[in-house]
Amino acid sequence: MPDPTAAAFELTHRPVLVPVALTSPCIALLPLPEGTVIQILGPAARVEDVCAITDATGFSLRGNGPGQWFAVGDEPDKFAELAATLPDGFTAIDQSHGRVRIAIEGESVGEVLAKGTGVDLALFETGRAATTLIGHVATHLARISDDRFELLVTRSFAENVWDDLKIMAAEYLGVSHE
Amino acid sequence: MASLISCPHCGIRPKEEYAIKGAALPRPAPDAPRSVWFDHVFLRDNPRGPYEEYWHHAGGCRRWLIVTRDTATHEVLACRDAGAEPAVTA
Amino acid sequence: MSSYRLSAGGLIDRATSLSFTFDGRDYAGHDGDTLASALLANGRRLVGRSFKYHRPRGIVAAGSAEPNALVTIGRGGRTEPNTRATMQELYAGLEARSQNRWPSLDFDLGSLNGLFSPFLGAGFYYKTFMWPGALWEKLYEPLIRRAAGLGQATREADPDRYEKTWAHCDLLVVGSGPAGLTAALTAGRAGLRVILADEQFAFGGSLLSESARIDGMAAPDYAARCVEELRSLPSVRLLSRTTVIGWYDSNVFGAVERAQKHVAMPKGHRPLERFWRIAAKHALLATGAEERPLLFGGNDIPGVMLAGAMRSYLNRYGVAPGRRVAIATTNDSGYALARDLERAGVDLVAIIDSRTQPTISYHGRARVMSGARVTDARGGKSLSGLTVAVGGRSETLAVDALAMAGGFSPIIHLACHRGGKPVWAEEKHAFLAPQDLDGVTLAGSVTGAAGIAACLADGAAQARTVAAALGKKAAHIRADVEDDVVAAPQPPLFSLSGVKGKAFVDFQNDVHVADLGLAVREGFGHVELAKRYTTTGMATDQGKLSNANAISLLAQAHGVSPAEVGTTTFRPFYTPVSFGALTGAARGKHFQPVRKSPLHEWAAKNGAVFVEAGLWYRSSWFPRTGETGWRESVDREVLTVRAAAGLCDVSTLGKIEISGRDAATFLDRVYCNGFAKLPVGKARYGLMLREDGMIYDDGTTSRLSENRYFMTTTTAYAAGVMSHLEFCAQVLWPDLDVQMASVTDQWAQLAIAGPQSRAILQKIVDEELSEEAFGFLAAREVSLFGGRLNGLLFRISFSGELAYELAVPAGYGESVADALMAVGEAHGICAYGVEALNVLRIEKGFVTHSEINGTVTPADIGLGRMVSRTKTDFIGKAMLAREGLSDPVRLKLVGVMPLDPAASFQPGSHILREGEEATLENDQGYATSAGYSPHLKSTIGLALVVGGAERHGEQVMIWNNLRQQYTPGRICDPVFLSAAKGGQGA
């Protein structure tokens with residue numbers, strides 16, 4: 001029984017990052033759309049079951065330690081669709097608002113990320129994903145291709161990580177964004 | 001303190017990603033004698049040499065690990081998932 | 001008589017002219033110069049004053065061991081004191097100033113200290129300034145600090161950027177001299193991931209100063225060819241201007257790259273310095289050896305320098321050290337310099353060889369004095385002559401430059417950083433690195449090897465061994481060397497008979513031979529004691545040139561081998577590291593991460609004043625126009641919440657979703673109160689204990705469906721509780737089927753409190769919110785705005801008023817808060833911050849971590865009845881039964897108020913009985929929280945006090961020792977405002 005004011009209220013979604021990319025010939029920082037991010041927990045051994053579901057629903061599946069995954073997609077509000085198809089023994093948690101995606105790509109991507117993470121990126125092949133510290137903030141890192149990574153950051157830290165990335169990339173962007 | 005710890009799930013990571021809890025000791029049974037509980041909560045050995053400790057990969061996979069560390073040399077001798085074995089005494 | 005630039009030679013670009021200033025005077029140098037070589041080329045030999053006696057000092061070394069030539073570079077925020085002129089690359093516009101002199105370098109009044117030198121010997125701090133003790137801080141220390149010292153740091157902010165980075169490799173090679181180059185090349189060709197780090201701006205190490213020929217080419221050309229090939233190998237990374245400063249656990253090395261220390265105006269988008277953490281599977285230390293100074297009177301006079309350094313200035317920089325030069329040597333290495341000086345046309349007067357039978361044949365023109373040694377040098381600010389003892393008599397020589405070739409000490413610092421002790425090698429007359437280091441190999445002259453050929457071969461051979469251990473096969477590298485001077489190690493020269501002047505051991509700290517003798521006589525002869533008593537080796541150069549001589553002197557005084565004296569401990573850093581490099585990017589707003597609530601912008605546009613709570617920025621209060629102080633705003637917010645309604649951002653509370661078949665059992669074990677019977681759709685306040693029985697955290701947990709729970713934690717303990725629950729689930733009870741995820745960031749959470757809260761919420765919530773439909777502690781998913789959004793609604797209160805907490809997807813948080821403010825306007829809603837939140841909860845006696853501070857049990861705060869008597873197990877159960885926890889003298893929660901409502905007190909103030917002295921024995925407890933209640937028109941507070949409720953009504957003294965404040969007060973019930981409609985613990 002909503003009030004007329006409330007019924008007429010224009011409900012707006014505020015993305016945490018301004019969707020403007022920073023680019024140079026050797027590096028690009030790209031805020032990605034706040035689509036759907038789903039945390040999946042379940043038996044590590046049944047990874048194929050999860051893959052089957054995410055493949056069928058058009059999500060990209062990324063590992064996050066034993067029995068933990070993130071399913072990510074650009075479209076919003078797809079949580080229910082995936083959650084409904086998840087087999088018994090798995091739990092899906094909607095993190096679409098709790099996590100923010102940032103892509104970083106270009107030939108200098110390894111040099112830039114090495115300023116934040118202690119992961120040996122030369123051994124972190126395409127397709128690998130894991131949580132690591134970028135500076136002080138736990139960040140989920142996925143290697144999409146040789147020179148493209150995607151970061152998944154908790155919303156409250158997203159602005160901070162974005163600012164840190166700008167500093168880390170400054171020498172390759174050719175400008176100081178401070 | 002060790003600069004790097006090799007997580008059984010994530011591989012080699014800097015120590016900043018981990019948080020230490022303390023000695024890896026099994027929790028006594030709820031009805032264990034009072035003296036056992038006192039020892040568990042308040043008494044710790046302080047050995048020189050290998051020592052097993054609970055470490056949390058808080059900045060990584062968030063698994064609890066048992067790290068075997070040499071208290072004299074800081075060398076990490078082993079690191080395994082803490083959930084793989086019972087931590088509660090019968 | 002002075003140093004000068006030769007007309008040809010050297011690795012400098014004579015086509016360039018770089019102008020620079022030293023103490024305001026204009027000079028010029030070339031690309032490829034260091035500040036030191038440029039000063040020498042300009043005839044400037046006096047570059048500093050010594051630490052204690054203010055003696056004139058010149059350039060002694062050509063690398064990072066330089067003890068004397070410390071200058072201040074730059075101006076303003078870029079001022080860098082104590083820069084070694086030998087490590088500073090020359091650039092156009094460089095400004096350098098000498099240090100520790102007044103009024104000028106050439107005329108320094110502080111040099112009068114030399115006259116008082118009998119009183120300034122070893123341990124003078126402890127002897128001269130002992131009594132009266134009261135004068136130490138006010139008189140002696142400032143006096144000593146002014147007289148003795150180095151450069152002054154600037155007080156301006158550093159305008160440049162610093163950063164840290166990681167690197168990973170199979171093999172880290174430290175040093176790019178002959179051994180380092182062949183090692184890097186061998187490993188790189190074999191496909192290993194190699195990092196080659198060198199502290200100089202050019203790679204090649206000693207080869208850059210070498211006149212020998214390798215494979216038919218000049219040594220620097222050979223080095224350049226190696227570097228060119230290394231650059232072409234994709235798995236090799238070259239780091240120049242990078243000093244490896246420490247070896248740490250897990251074979252991680254710290255290194256500092258001086259990325260822009262060689263330019264006048266650093267570029268803002270690049271760091272000035274970069275701190276590297278290099279994780280190396282293996283490291284090869286090709287760090288070379290340091291030449292030892294000789295001990296004779298006046299061995300610190302400008303014009304006296306190390307032979308190797310003189311050779312560097314000559315061959316690499318094209319600088320002659322003087323017009324009439326002598327070489328004092330104990331070994332064959334002095335003859336390599338002799339050959340090069342004569343080739344360059346410099347007048348070499350004499351070679352003063354301590355040996356009676358030199359082992360090298362010399363065909364030059366200089367007079368060779370065998371079995372001779374320098375006893376004293378003459379000259380004030382510039383060397384003018386020598387006294388030489390030869391064949392039982394004394395002879396004087398007129399020279400303006402003297403080279404000291406006292407043998408070599410391997411640079412084993414890094415190899416000893418993890419606790420390994422250096423080992424004395426009698427046949428090498430030197431301390432070597434400990435044997436069989438894990439993860440580290442040494443190659444070249446750092447092992448005591450002599451000669452270029454030996455070093456080239458050793459580097460390659462050691463790298464082959466490392467490659468083999470890492471599963472790679474590497475090819476040999478062979479090189480032919482012509483004119484290689486292989487100086488066999490000789491015993492150090494320590495005859496001091498006939499020496500008249502001060503013979504310096506530690507140039508930088510002004511420690512001379514007599515100081516060490518005094519230390520031994522006064523019982524401070526142990527190497528560690530002598531170091532501290534005399535301060536030898538304690539300067540910024542950490543004894544790079546002095547330690548070997550100091551140890552030999554102590555050994556001589558004790559009549560034992562240096563092996564028995566041992567060394568002091570080598571610790572990181574190898575060379576001084578700037579605070580900027582250690583700080584990296586973590587400064588200013590990047591000092592620590594900033595965490596923002598999804599309602600941050602909502603709070604900002606409503607005028608919030610933010611406060612840092614951990615990493616979070618929380619809205620503290622919301623001032624309105626006309627309000628004159630924070631208290632006025634807070635009072636209004638508190639009164640508005642109790643009279644109408646308020647909206648507060650509580651998104652920072654930790655939120656954890658817990659699910660699984662055994663979730664109820666799990667919650668029963670982690671909370672001390674029961675949760676198994678919590679019905680679906682209900683919330684319950686819970687207390688989590690630590691295993692010792694003390695309260696760990698509190699919060700509410702709601703059962704959203706049969707096996708799905710939503711837990712909230714306090715803001716401060718959100719991360720800790722999550723880790724704790726993971727520990728319980730993974731380690732203590734892995735058999736339970738329970739999963740959990742932090743959803744703190746997924747939800748924006750809004751507290752809507754006050755008598756109007758239901759009416760306001762009902763305007764946006766689609767479901768019925770009447771008392772019957774959504775009673776106290778109801779917790780359900782709700783539909784909002786006519787089905788446009790779903791949220792979680794909880795009927796919980798932290799103010800004692802009718803109140804709710806609404807969680808909505810974070811991206812919509814701001815919009816929902818805007819909506820509530822809009823529909824609530826007619827109901828008198830206001831935004832309130834954590835200050836008002838605090839007052840509201842103190843008025844009702846609700847606790848936060850101010851009270852549950854790790855020393856209290858549930859019973860201590862009046863919640864003892866919550867603890868389950870029936871559960872067989874929960875965290876903290878066993879220890880909660882300790883008899884000490886029921887001791888009547890335990891501190892218990894009470895309220896406290898000042899007798900005078902206009903008076904106030906601070907949390908942390910102690911409670912004393914009326915009329916009792918403020919002593920530890922009389923302490924009755926302490927105030928944990930305090931705030932001004934606009935309802936009671938008085939400061940009110942909560943306190944933990946002996947006896948607790950028994951003492952309600954008692955008059956006490958509230959004592960704040962920091963402010964020397966005594967406030968008469970009264971203990972009372974912690975619930976200041978009655979008729980609570982439920983809340984904590986209810």
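User: In which hand does α4(C) pass α8(C)?

Analyst: For a pair of helices, take the hand of the crossing, then the distance and angle of the axes, then the residues that touch. In this predicted model, α4(C) passes α8(C) in a right-handed crossing. The axes of α4 (residues 178–189) and α8 (residues 452–469) of chain C come within 7 Å and cross at roughly 35°.

User: Which residues make the contact of α4(C) with α8(C)?

Analyst: From α4(C) the contact includes C:Leu181, C:Ala183 and C:Ala187, and from α8(C) it includes C:Leu456, C:Ala460, C:Ala463 and C:Val466. By class, the contact has twelve nonpolar, five polar and two charged residues. C:Asp458 and C:Arg464, both on α8(C), are among the residues that take part.

User: Next, sheets. What is the order of the strands in the open sheet of chain B?

Analyst: Read a sheet by its strand order, then its edges, then its twist. The four strands of this open sheet are ordered β3-β4-β5-β6 in chain B, and they pair antiparallel. The edge places belong to β3 (19–23) and β6 (76–81) of chain B; each has a single partner strand, so one side of each has no neighbour in the sheet. From one strand to the next, the twist averages 30°.

User: Which helix packs on that sheet?

Analyst: Helix α17 (residues 718–732), which belongs to chain C, packs on the sheet and touches β3, β4 (50–56) and β5 of chain B. The direction of α17 makes about 90° with that of β5(B).

User: How many bridges pair β5 with β6 in chain B?

Analyst: Strand β5 (residues 64–70) and β6 of chain B pair over five bridges, in the antiparallel sense. For one pair of positions, look at B:Thr68, which stands opposite B:Ala78 in β6(B).

User: Now a strand in chain C. Is β48(C) mostly covered or mostly open?

Analyst: Count the buried residues before looking at partners. Strand β48 (residues 891–898) of chain C is mostly covered, with seven of its eight residues buried. One partner is β51 (residues 938–946) of chain C, joined to β48(C) antiparallel by six bridges. In that pairing, C:Leu893 has C:Leu944 as its bridge partner. Strand β53 (residues 965–972) of chain C is also antiparallel to β48(C), with four bridges. There, C:Val896 stands opposite C:Ile971.

User: How would I read a single residue, such as C:Asn922? Where is its place in chain C?

Analyst: Start with location, then exposure, then contacts. C:Asn922 sits in the loop between β49 (910–913) and β50 (925–933) of chain C. It counts as partly exposed because 14 C-beta neighbours lie inside 10 Å, whereas a buried residue would need 20 or more. Leaving aside neighbours within four places in sequence, C:Asn922 is in contact with C:Leu912, C:Arg913, C:Glu916 and C:Glu917.

User: Now domains. How is chain A divided?

Analyst: A domain can be built from separate stretches of the chain, so check the bounds. Chain A has domain 1 (20–34 + 98–178) and domain 2 (36–95). Their centres, taken over C-alpha atoms, are separated by 23 Å.

User: How many residues of domain 1 of chain A are in contact with domain 2 of chain A?

Analyst: Eleven residues of domain 1 are in contact with ten of domain 2 in chain A. On the domain 1 side, β7 (99–105), β8 and β9 (137–145) of chain A each supply at least two residues, and β8(A) gives the most, with three. That side divides into five nonpolar, three polar and three charged residues.

User: And between chains, how many residues do chain A and chain B give to their contact?

Analyst: Chain A gives eleven residues and chain B gives twelve. On the side of chain A that touches chain B, the largest share is four residues from strand β8 (residues 129–134) of chain A. The residues of that side are five nonpolar, five polar and one charged.

User: What sums up chain A as a whole, in secondary structure and burial?

Analyst: Chain A has five helices and ten strands, and 51% of its 178 residues count as buried. Its C-alpha trace spans about 55 × 50 × 25 Å along the principal axes.

Definitions and conventions:
Residues are numbered from 1 along each chain as its sequence is written. Chains are lettered from A and ligands numbered from 1 in the order in which they are written. This is a predicted model: local features need pLDDT of at least 70, side-chain atom pairs count only at pLDDT 80 or more; totals for chains, interfaces and linings use all residues. A residue is buried if 20 or more other C-beta atoms lie within 10 Å of its own, exposed if 12 or fewer, and partly exposed in between; C-beta atoms are placed from the backbone. Two strands pair if DSSP finds at least two bridges between them. Two residues are in contact if their C-beta atoms, placed from the backbone, lie within 7 Å. Ala, Val, Leu, Ile, Met, Phe, Trp, Tyr, Cys and Pro count as nonpolar, Asp, Glu, Lys and Arg as charged, and the others, Gly among them, as polar. Axes are lines fitted to C-alpha atoms, for helices over the stretch in contact, and angles run from 0 to 180 degrees between N-to-C directions. Domain bounds come from an automatic or database domain assignment. A crossing is left-handed if the near helix is turned anticlockwise from the far one by less than a right angle, and right-handed if clockwise.
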